[in-house]
Amino acid sequence: TSTTKHGVQMKVGDLVRYKDWPEDGYGVILKNNHGYILMRFFDVAVPSHELWENEVLLEAIKCK
């Protein structure tokens, strides 16, 4: 797991989205490698795909 500056831990299975573009889709964390997140990203414009992203660009989506 990894902790953001807001104290939120991001771990495998969490839903995330981009902080600057929250409306552009969401991802599911597949792996957390010391601050770099491998996620399967889902977007309306592009089929789902896997990509690595720096965790500082992401925020966890709280599920109720």
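Here are three short exercises on this predicted model.

**Exercise 1. Work out which strands build the largest nonpolar core.**

Start with the overall layout: the chain has seven strands and zero helices. Next, list the core members: M10, V16, Y18, I29, I37, M39, F41, L51 and L58, nine residues in total. Now map them onto the strands. The elements that put in two or more residues are β3 (15-18) and β5 (36-42). β5 gives the most, with three residues. That fits a general pattern: in soluble globular proteins, nonpolar side chains tend to be buried together.

**Exercise 2. Find what Y18 touches, leaving out residues up to four places away in sequence.**

Begin with the core: Y18 is one of its members. Then go through the contacts: Y18 touches M39, F41, L51, L57 and L58, and also the acidic residues E53 and E59. Keep E59 in mind, as it comes back below.

**Exercise 3. Track down the salt bridges and say how buried or exposed each partner is.**

Count them up, and you get three.

- Take E59 and R17, whose side chains meet at 2.8 Å, N to O. E59 sits in strand β7 (residues 58-60) and R17 in strand β3, 42 residues apart. Both are partly exposed: E59 at 27% relative accessibility, R17 at 30%.
- Move on to E50 and R40, with the closest N and O atoms 2.9 Å apart. E50 lies in strand β6 (residues 49-54) and R40 in strand β5, so the pair ties together parts ten residues apart in sequence. E50 is partly exposed at 45%, and so is R40 at 29%.
- Finish with D14 and K11, at 3.6 Å between the closest N and O atoms. Buried means under 20% relative accessible area, so D14, at 17%, is buried. K11, at 42%, is partly exposed.

Key:
Residues numbered from 1 in each chain as written. Predicted model: local features only at pLDDT ≥ 70, side-chain atom pairs only at ≥ 80, totals over all residues. Heavy atoms only, no water. Helix = DSSP H or I, 4+ residues; strand = E, 2+ residues; numbered from the N terminus. Core = buried A, V, L, I, M, F, W, Y, C linked by side-chain atoms within 4.5 Å. Buried < 20%, exposed > 50% of the residue type's maximum accessible area, 1.4 Å probe, protein only. Contact = heavy atoms within 4.5 Å. Salt bridge = Lys/Arg side-chain N within 4 Å of Asp/Glu carboxyl O.
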